[in-house]
Amino acid sequence: MPETDIAEAILAAAVAGIEGAQRPGQHQMAAAVGEALAGGDHLLVQAGTGTGKSLGYLAPALAQLVQAPDDRIVVATATLALQAQLARKDIPTALAACEQVTGRSVKHAILKGRTNYACLYRVRDGLGLEQESLIGGPELVEALTASAPDASSKVGAEVVALREWVETEARAKGLADRDDAPSHGNQSWTQVSIPVRECLGVQRCPYGGECFVERSRDRARAAQLVVTNHALLAIDAMHGGTALPEHDAVIIDEAHELVSRVTGAASHELSPQTIERVARRCLPWLDDDLGLDFLDCADTLKTALDDAPLDRVEDPDGGLGVALRLVRDVARRVTSALGGDETDNDRKQAAAAAKEVFDVAGQLAAMAAHDVVWVSERERFGRQVNQSPLSVAGLMREGIFAKRPAVLTSATLTIGGNFDAVAASVGLTEPYQADDGAEPELPRWRGLDVGSPFDYRAQGILYVARSLPPPGRDGIGPDTLAEVAELVWAAGGRTLGLFASQRAAEAAALHCRRELPAMTILCQGDAQLGELTRTFVAEPETSLFGTLSLWQGVDVPGDTCRLVIIDKIPFPRPDDPLLQARQRAVAERGGNGFMTVAATHAALLLAQGSGRLIRRLTDKGVVAVLDPRLVTARYGSFLRASMPDFWPTTDREVAIGALQRLEKPPEA
């Protein structure tokens with residue numbers, strides 16, 4: 001049977017297995033993905049919400065792997081949570097369909113970064129809380145948190161529970177994956193995991209033969225389909241292909257987040273607290289003078305940070321540059337002093353921590369033209385210095401696209417009505433020069449929009465509040481607050497409010513609680529976001545207001561969400577040093593920095609935010625944008641072209657009437 005026919009049969013069987021409906025866009029996507037994997041060209045495919053894009057790329061991927069058993073395909077998605085969802089839901093469905101159609105199974109594996117697995121050396125021999133306890137971990141958590149519910153007791157109880165679980169995983173030859181661990185916080189997990197730099201290595205570690213990370217990599221090397229995340233894909237590109245097993249193709253899901261995730265993986269930060277913590281760790285093996293020099297570096301950096309502007313720093317000879325060079329030089333001396341003794345594992349790990357301070361301080365001090373270095377203020381811990389690459393396009397082009405065919409897919413890949421912005425951001429369109437001065441041929445790619453099964457014009461209205469004043473710098477205004485309350489009232493609650501700032505979300509929640517006392521208004525920050533989202537889903541007449549973390553990934557079908565409010569166009573903060581630098585770089589090349597960076601950023605978020613409304617074929621509702629610039633500004637049409645094709649209106653009474661009809665449908 002030809003590979004295309006196998007892919008179609010697998011897709012049909014998978015859709016039948018979940019009692020789903022055949023969707024033309026899904027079949028169109030599957031055919032295009034199969035062609036890209038076989039032909040070697042790159043594919044950008046936009047598959048709107050409801051298309052079923054996961055099965056749309058898994059079916060042709062499995063068809064290829066069945067036909068070519070020695071091939072390996074990597075699937076990378078944005079976050080660990082999405083990676084787990086894919087591995088637990090869509091991949092088992094697709095694998096079962098593949099075996100049903102072909103009679104052959106395809107082995108798959110999940111691969112994450114090192115710190116997502118527990119470390120046996122840290123648990124058994126490393127520093128931390130005493131492991132001995134007369135009662136088991138879960139019981140200890142309950143007992144300690146009940147009798148002494150302070151943070152340190154809770155962390156101690158969680159660590160004991162985690163250590164018990166790690167030993168159980170070791171006996172069962174499991175992976176000790178954090179996602180499967182008992183309930184815990186970040187501080188507790190650091191007691192049972194280890195940073196990449198501090199790993200002793202499988203040959204030196206006394207528990208190397210049982211290492212969970214090595215076990216996960218062995219399973220990945222034995223698999224044909226490897227599921228990972230954007231961050232590990234970026235690390236693989238940065239380190240010459242050492243993080244992932246050799247593979248023949250890569251499929252990048254949620255590709256609209258790829259640039260952000262790769263940027264995060266390629267970024268660094270350094271604070272006085274970090275230096276002090278590493279210095280104190282190194283003190284047992286340093287002479288007094290060098291130990292004091294290392295500790296003093298923390299104070300030197302703090303003074304330089306306090307004197308620096310909260311902005312980009314470009315002068316390597318300024319006060320901050322001098323302080324960073326001092327940190328670099330002292331950290332180099334510390335690393336050298338700690339080296340040589342290969343028998344003391346604790347000393348070796350301290351040296352690795354000092355080496356990381358040396359490397360990061362050196363990169364920050366260089367203030368290279370292709371980097372952006374800036375000072376930021378943290379809410380609780382004061383200032384720190386940050387570094388991010390000005391662009392990651394070259395890294396992705398060389399590390400990902402130059403080596404194998406890639407499929408990038410998302411519900412939102414077209415910005416302003418085409419794929420150009422996304423293609424440029426990942427390095428598919430910008431020409432460049434190689435080290436020898438030659439200009440290599442750009443990768444070949446094509447874009448495909450398979451649409452959505454939803455009839456957006458029939459199912460939704462885009463209301464833009466043209467009569468409201470444009471947003472100001474003083475926060476959300478009284479006219480906008482009044483509009484929010486009236487819309488929520490008309491919808492009978494059932495509102496997802498997406499706000500540009502936490503302050504605006506809180507002000508809107510306070511106003512609505514006062515004006516609509518019978519309605520339940522939840523606001524991000526009232527409790528854990530997961531808990532708030534679950535309440536919002538379970539209680540349809542409840543409303544949920546929040547900020548950026550609600551703009552993406554919230555899937556609330558049905559009557560729970562009939563109204564999505566967006567208070568203002570989500571342009572990036574004008575004082576964001578990284579985005580400012582990227583805009584300036586575009587302008588220096590003769591482009592429009594605002595449209596290329598700020599407007600593109602806003603368009604992507606508007607597409608994601610407005611996409612929260614229609615999640616099923618039966619959903620109906622209104623997206624209300626309370627920023628008149630969406631229809632009055634010249635860039636408005638560019639932004640609207642990135643949003644679902646809702647029926648548009650600027651008439652508030654039309655929007656109010658539609659919401660009221662949904663709240664009180666006419667009697668049959």
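**A buried loop residue, a strand hairpin, a cavity and an aromatic cluster**

In the predicted model, Thr-542 is placed in the loop that lies between helix H21 (529–538) and strand S14 (543–546). Thr-542 has a relative accessibility of 3% and therefore counts as buried, the cut-off for this class being under 20% relative accessible area. When residues up to four places away in sequence are not counted, the contacts of Thr-542 are with Gly-493, Arg-494, Thr-495, Thr-520, Leu-522 and Phe-536. Of these partners, Phe-536 falls within the residue range of helix H21 (529–538).

Strand S7, which spans residues 371–378, is mostly covered, with 6 of its 8 residues buried. This strand runs antiparallel to strand S8 (residues 382–389), and the two are joined by 8 bridges. One of the residues concerned is Ser-376, whose bridge partner in S8 is Gln-384. The connection from S7 to S8 is a hairpin of 3 residues. As a general point, side chains in a regular strand alternate between the two faces of the sheet.

A search of the whole structure for cavities of 30 Å³ or more returned 1, and the volume of the largest cavity is about 40 Å³. Its lining consists of Leu-233, Asp-236, Ala-237, His-247, Val-250, Gly-399, Ile-400 and Arg-404. Two elements, helix H10 (230–238) and helix H16 (393–401), each give two or more residues to this lining, and the largest share, 3 residues, comes from H10. Considered by class, the lining of the largest cavity comprises 4 nonpolar, 2 polar and 2 charged residues. The charged residues are Asp-236 and Arg-404, whereas His-247 and Gly-399 are counted as polar.

Aromatic pairs were also examined, and the structure holds 7 of them. In the pair formed by Phe-454 and Tyr-456, the ring centres are 5.9 Å apart and the planes stand at 90°, so the arrangement is edge-to-face, a class that requires planes over 60 degrees apart. Both members of this pair are buried, Phe-454 with a relative accessible area of 7% and Tyr-456 with a relative accessibility of 15%. Together with Phe-646, the residues Phe-454 and Tyr-456 form one aromatic cluster.

Note on methods. Residues numbered from 1 in each chain as written. Predicted model: local features only at pLDDT ≥ 70, side-chain atom pairs only at ≥ 80, totals over all residues. Heavy atoms only, no water. Buried < 20%, exposed > 50% of the residue type's maximum accessible area, 1.4 Å probe, protein only. Helix = DSSP H or I, 4+ residues; strand = E, 2+ residues; numbered from the N terminus. Pairing = 2+ DSSP bridges. 1 Å grid on protein atoms, 1.4 Å probe; cavity = no way out; pocket = protein on both sides within 12 Å on 5 of 7 lines; lining within 4 Å. Points joined across faces, edges and corners; volume = space filled by probe spheres on them. Contact = heavy atoms within 4.5 Å. Phe/Tyr/Trp six-rings, centres within 6.5 Å; stacked < 30°, edge-to-face > 60°.
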